[in-house]
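Q: I want to learn how to read the contacts between chains. Where do I start?

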Number of protein chains: 4
Amino acid sequence: MNKKDKNINKRQQNKANNRSLIIDAGIKVFLEKGISNTTVRDIIRKTSLASGTFYNYFKSKEEVLIAALDDVAILIGQELRDQRVKANNLEEFVFFQVKPFFEFAQDHSDIFMILNSNLNDVQSFNIETPMMSLELEYLKEDVNKAIEKGILPRMDVDYFCAIMRYVTEGLALTFITKKNSKSNIDEAIKFCTSFIVSGVKANQNV
Amino acid sequence: MNKKDKNINKRQQNKANNRSLIIDAGIKVFLEKGISNTTVRDIIRKTSLASGTFYNYFKSKEEVLIAALDDVAILIGQELRDQRVKANNLEEFVFFQVKPFFEFAQDHSDIFMILNSNLNDVQSFNIETPMMSLELEYLKEDVNKAIEKGILPRMDVDYFCAIMRYVTEGLALTFITKKNSKSNIDEAIKFCTSFIVSGVKANQNV
Amino acid sequence: MNKKDKNINKRQQNKANNRSLIIDAGIKVFLEKGISNTTVRDIIRKTSLASGTFYNYFKSKEEVLIAALDDVAILIGQELRDQRVKANNLEEFVFFQVKPFFEFAQDHSDIFMILNSNLNDVQSFNIETPMMSLELEYLKEDVNKAIEKGILPRMDVDYFCAIMRYVTEGLALTFITKKNSKSNIDEAIKFCTSFIVSGVKANQNV
Amino acid sequence: MNKKDKNINKRQQNKANNRSLIIDAGIKVFLEKGISNTTVRDIIRKTSLASGTFYNYFKSKEEVLIAALDDVAILIGQELRDQRVKANNLEEFVFFQVKPFFEFAQDHSDIFMILNSNLNDVQSFNIETPMMSLELEYLKEDVNKAIEKGILPRMDVDYFCAIMRYVTEGLALTFITKKNSKSNIDEAIKFCTSFIVSGVKANQNV
DNA sequence: GATGAATGAGCTTTCATTCAT
DNA sequence: CATGAATGAAAGCTCATTCAT
């Protein structure tokens, strides 16, 4: 490797590094102050970089958020969709949603907390997030298909999707904020799944 | 009624009217942009009033929000607490929470939507809201008492409260955003109650 | 006196009364906050009157100040001028200025303090005040005349006038702010006069 | 000097230059309108800079004033205190105060004029200024000590300090505003000193 | 590509003043 | 003439964004 190549390499490393610095700083500030109360200045102040440098990497704080979600949330959004089409029955359908969601919440709790506390802001720019993926349109479509196939029982799709979303999100949040974590993730997943399933079964005629 | 009284009356009417104009404008903007993205100017621009006039009525946008909640949210928060202590069993406990909450969501859907989308901001100034009341500390306390009395089954209180909160809020939101409202409120309440109750019963050993 | 006359009388009394209320309030606020930091609102808040009423009597806070000075300061300004032309020698010239000035400072200490602390502002609108009257142009003229007549010794007029002004004002201020007022006004006047006279005599050749 | 160094240098020069522009503009406006009537916008309007730029340098107009005083007023305040403790008799005590004060007034007449016209405002933020140093507390203390040591005659300390302050300030102001400056500074200092000294000597029994 | 000062739009807030009542 | 709400100009200040260096 000659000198020029080394320099180029160094530069690219530095570039990647600065990008990461900004994203990490962004996550911290988003958590502390919420998305809409965060300013570009807040983010850049948490780094050692100059304010102008920010704009070499991002156009706005929203782009920082999107970048923070990118690696993580996109993948998990896709996984949720991939998983649920493999389900053969109600139990599997629910479990295949709940399990990856809880794992995501545990492994990327910062991101999860930001999304959970700032749904309003997140919705205003159209990013695919797990929250969104669990939501209305995509899920509804798949649920309808599954009903047609006889995999899910006939029921009010809107309410079922709402249940899926809010129970899973709510319990996941409760799970990761529980300090006395004697409860482990498998139990939490099991409880969440079981709760939804039994609730649905007991109310099929609605 | 003499002339002076008429004058006073006209003025007071105008004052009350302007106050309402501002509150209504505030509700609209809060709904559109979220609380923290709303500026005083946004609100006043939605009225025909001058900027300075805003400060004759409110010190800040937060005061507008509080005024919008007043009468409504405060009372319903209290009612939720009053009702649940009257419950004699799980069904009643859940039903007594769900019913007034859905009714509030239906009757004051604007306020409900604002609260639902801006929980973060609402929490930062200490207002009693139904959301808050359904939440953590107060509810937990009452649930614990009810368990002691044998009214509620032994169960993980954190998860139960999470279920209560997220299922009720989520279904209420789904209920009021359903445009094709063939479903009526009583059915919605019944479904929500039944869902929670049967879920809890099927998972009592957790 | 018939009813109509009574009403008119009452109204005029009320009018005079409101005027006084505003002036008194103005003096208080000017003392507390200084002229330029005082707002019309500050003044009107100190009364029981409505803000609009202010403008039935005065166009601005400056007019309130002028009114506060009117009765008092104008007269004393005139007296200073009247007195000094009667002087037959240096001692009398100084004494005839110092005496009424100290008496004014004592009898109208509020006004005196306001003038003293806000010379800058007072100068910007052209009011005749004792401070101003002791000053430059008028005094200089009379001093020059007195020198021509042989009543005052030949000396630098600018410096003499400065001495007259600053010593008299400074000692008057010291006199009225001295809490342990064992010193009485006659002694203070005597000291001030004597100080100026002996200083001038010792430096006639300048 | 390489390119980077040049850049940095150019920027720092520009920064220093802008800072000076603002300070100079501030001094002008303070002189024209007085401190409390001056707004940040007044100052910035006197420059070619944008409003936001002001806040890159100063937090408030007061900081501009402090910056304008820096180096100059602080030092001279200290000098006044240092000098007077070296005095061996009344003449020296007075002379050691008057001389540096006149020199300061001559060399920094803008600053002197601002201080002189805005004592009220200057006092409200606690900056050491020569005016302050010539004033009440510090001076009084030193005068009392000097009397104990037999360096100054027994006399009313309040009146003596008032004389010191008002005569020196008043004559210094007169000196620098005299356009026909045939009078030189040494004569002015001599006159001022002599006036105070002879006045004090002639009135020792007060 | 990094820097950070300059910019100016836009926000919150106050206030003198007007004017319908 | 008294009232006090409405007005809008103008102040202080922040911030996203640009751009010379």
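A: Start with what counts as a contact: two residues are in contact if their C-beta atoms, placed from the backbone, lie within 7 Å. Keep in mind that this is a predicted model.

Q: How many residues of chain A are in contact with chain B?
A: On the chain A side, 27 residues take part. They meet 26 residues of chain B.

Q: Which helices of chain A each supply at least two residues of the side that touches chain B?
A: They are α7 (119-124), α10 (157-177) and α11 (185-202). The largest share comes from α10(A), with 11 residues.

Q: How do the residues on that side of chain A divide by character?
A: Gly counts as polar here. The side of chain A that touches chain B has 10 nonpolar, 12 polar and 5 charged residues.

Q: Why can I say that chains A and B meet through the same surface?
A: Compare the interface residues of the two copies. Of those in chain A, 96% are also interface residues in chain B, so the copies meet through the same surface. Superposition adds to the picture. A turn of 177° with a shift of 0.0 Å along the axis lays chain A on chain B, with an RMSD of 0.7 Å.

Q: What turn and shift lay chain D on chain C?
A: The turn is 177° and the shift along the axis is 0.0 Å, with an RMSD of 0.6 Å. The two copies are thus related as by a two-fold rotation axis. In chain D, the C-alpha nearest that axis belongs to D:G199, 2.1 Å away.

Q: Through what surface do chains C and D meet?
A: The same one on each copy, because 100% of the interface residues of chain D are also interface residues in chain C.

Definitions and conventions
Residues are numbered from 1 along each chain as its sequence is written. Chains are lettered from A and ligands numbered from 1 in the order in which they are written. This is a predicted model: local features need pLDDT of at least 70, side-chain atom pairs count only at pLDDT 80 or more; totals for chains, interfaces and linings use all residues. Copies are superposed by least squares on the C-alpha atoms of residues with pLDDT of at least 70 in both. Helices (H or I, at least four residues) and strands (E, at least two) are DSSP runs, numbered from the N terminus.
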